[in-house]
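Here is a friendly walk through one protein model. Take a look at the sequence and the structure first.

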Amino acid sequence: MSTIESTPLVPAQGIPPAGRSTAIESMDAYRALVAEAAQDHEAFWARLAREHLTWRRPFTQILNDRDAPFYKWFEDGELNASYNCLDRNLASGNANKTAIIFESDDGRVSTVTYQALYHRVCRLANALRARGVKKGDRVVIYLPMSVEGVVAMQACARIGAPHCVVFGGFSAKSLHERITNVGAVAIITADEQVRAGKTLPLKSIVDEALAMGGTDAVKTVVIYRRTGGRIPWIGGRDAWLHELENDQPDTCEPEWVSAEHPLFVLYTSGSTGAPKGVQHSTGGYLLWAAVTMKWTFDIKPDDVFWCTADIGWITGHTYICYGPTAVGATQVIFEGVPTYPNAGRFWDMIERHKVSIFYTAPTAIRSLIKSAEADRAVHPGSFDLSTLRILGTVGEPINPSAWNWYSEHVGGGKCPVLDTFWQTETGGHMITPLPGVTPLVPGSCTLPLPGIDAAIVDETGNEVPNGQGGVLVIRKPWPSMIRTVWGNPDRFRNGYYPEELGGNLYLAGDGAIRDADTGYFTITGRVDDVLNVSGHRMGTMEIESALSACPLVAEAAVVGRPDETFGEAIVAFVVLKGPRPTGTDVKRIADELRAWVGKEIGPIAKPKEIRFGDAMPKTRSGKVVRRMLRSVAKGEEVSQDTSTVENPQVIAQFADPA
Ligand code: WT7
C-alpha cells in the first residue's frame, strides 16, 4: 500500500455532500483498516462480524484452518440470515420503510415495506415447513425478477434450507442438471416470466425438467402467479404461492444455524466439466454482503439503491437479496430489460425512482451508448439524473471509453464510477475503489478492500513485481469465500487451491497486472477456458459438449472473440458428420445448431458465429489447436507456424462465419 501515498492521481470524484462522510472517509482511514487486518487478520474479521451481524449465539472461534483449504469462519456462532435482513429492521425502526420498489416489465410500480416483506417471508417459510422442507434440504428457485424472488430466497434462509437459484434463461436441461446435482426437494417458480413484452413459460419448463428423471425427491412445486397464463398442473405436488401464503401465520420462528451452515448453492461455469455448485456459508457470506454495502456503496438511510443484475447470478444474491436488506436499504427491483420499451428505460427509472446508487454491467452501458448516440430521446442527458451519487460496474472489464461516458453522461461528472472486481466464489466485492476516497483510473478496479489479501503471482506462485502481469490470487482466507463445490470437494481443492501454486493460494482464474506507480490492479481477463459474454460466465467446454451432443455434429470447438459491445462473442468451429455445408445450407444448419444449444443450455450460450470445416485442425498428437482457432475467429491471418498441425489445409475453410 505504500506506493499509494506518493502518487499523483485523478482526483476522487463525487465526495458526498458537505457534512456527510463516507463509511471509510479517507485514504488514511482505508490504510488504517488495511493495517488493522494485516496486523491481526482474525481479530479484524471478528470485530466486523460482531459489529455488522446479529448473532443468536456469539462465536468463540474465528478462523478454523485445520482442514485448509476448507476454511471455516465463526463456526460455533449461530444466527439466521433472514433474521438479520428482516426482523432486525423491524427492531431498528425500519418497519415502515420501503424495502423494495418493484417495477414490472410494462411499467407498473409497487412498493413493499420491511414489515410486509417480513410477513410474506414468514408465511412462505411456514408453508415450506408445512410441506416437509426442513433444515439442510435444498430448494431450487426458478423465478423471474420479482419481489417473490427475494421472498423465496429469504424464506429458504429462514428455515435453514439452502436455496439454489437458477437463472430464468437456462433451459429445461440445464435446470434438470442443477435440480439433480443439488438434490432439490422443492422448486419455487412462476407460471410465466415476462421480459420485453414476451412471455416464457417457466412452469412448463420446470415440468419438462422434472420429467427428465432422477427428480423423485422433488415433492413440492410452488408457483407464483405472474401472468395468469394457463399452466400444466400436477395435483398434490403443485401449489399456488398466494394460496400457501393465505393459509399460514405471518410470523415464523427462524431456524438458528451455525455460521458455517450453507446459505445457498449457486452454479457457475468452470473451464472443464459441468457447471459447479458454489457453496456459500451463512455467517461469513452475510457479513461481507452487509459490510460491502457500507464500504463500497456507502449506503445511507435515505439512499435508493438499484442493482440491475438478475437474482439468478451472484450479483443478485449479494446486492439484491441479502446486502441491501441486511443494511435496511430501499432498493429498486426491475423485472424487464434495459431496452424495453426503449433504450432510455434505465435513465427514466433512475429519474422516476430517484435512484442514488446505480450498479450495472459494462455490456449494458456499451449497448445503451450506441442507442443514446443514435437517438437523443433515449440519451441520459434527456433525463434528470441528479439524484445519482455513486455508480458501479461489475462482471467484466470496462473499457475506458465506456467508463468515461458513464461518468460524464450518467454521473454528470460528479459521481465516482466504481469498477468492482469479484466473482461468484468470492461472495462479494474484492477489489474496488471506495467512493469519494480512492482516486479513480478508468479501466482499473484499483485496490483490494481491507482484509482482502490480493496479489499477482507467476505460474509457480511467486509474487511478480508491479508492472508485470500474472495471475490473480488471494493469499489469506476471507469469510465470504466459497466453502466447497457442492458434492465435489476435490474439484474445489484442485480448482481453487492448485498444487502448482503451492496449494495455499486462492486462484481466481483471472490474469491481472498492478500499476508500477500506484499499485492499482487491472484485470486482464480469464486465464482459463471460461468466456465472459455480456458479463455472463460460460465454459467453452460446456458449449462444446452441447454442440457435440447434436446428432448432426461430429466435432466442435468453441473459443471467445473480443466483442466491442458484449465483451466476448462465442465462436463455434464445427465439423458435421455429413459433408461441409455450402450455399443456403450454411445458415440453415447454423441456425439449427444455435437452436440446439439454446435447448441444451439456454439462449445465453448460443454461438454468435458458427464456422464449418471438413475436419478440426489438430496437432499430430490429436489436440485441437485452439490458439489457431482464436486467431481465425478474430479474422487474423494465421501466420503462426502451422508445421505442428497435421492438416493445415482445413484452417482456411473456417475463415467464413455463418
Ligand atoms: C468473473 C466472475 C462478480 C459478479 C458478476 C460476475 C469477471 C467480474 C470484473 C471486473 C474485470 C471482472 C472476471 C471474474 N469480472 N468483475 N470488475 N473487471 N472482470 O461473477 O459470473 O462469477 O464471473 O467475471 O473474469 O473471474 P461471475
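The report below covers a sheet, a helix that packs on it, and the cavities.

This is a predicted model, in which local features need pLDDT of at least 70 and side-chain atom pairs count only at pLDDT 80 or more, while totals for chains, interfaces and linings use all residues. Residues are numbered from 1 along each chain as its sequence is written, and side-chain values use heavy atoms, without hydrogens and water.

**The sheet**

Seven strands (E, at least two residues, DSSP runs numbered from the N terminus) make an open sheet of mixed pairing, in the order β5-β4-β17-β16-β18-β19-β20. Because β5 and β20 stand at the edges with a single partner strand each, one side of each has no neighbour in the sheet. From one strand to the next, the twist averages 20° (axes are lines fitted to C-alpha atoms, for helices over the stretch in contact; angles run from 0 to 180 degrees between N-to-C directions).

| Strand | Residues |
|---|---|
| β5 | 109–113 |
| β18 | 357–360 |
| β19 | 390–394 |
| β20 | 417–420 |

β19 and β20 pair in the parallel sense over four bridges; pairing needs at least two bridges found by DSSP. Val 394 has Thr 420 in β20 as its bridge partner.

Helix α14 (residues 400–410) packs on the sheet and touches β18, β19 and β20. Its direction makes about 155° with that of β19. A helix is an H or I run of at least four residues, and contact means heavy atoms within 4.5 Å.
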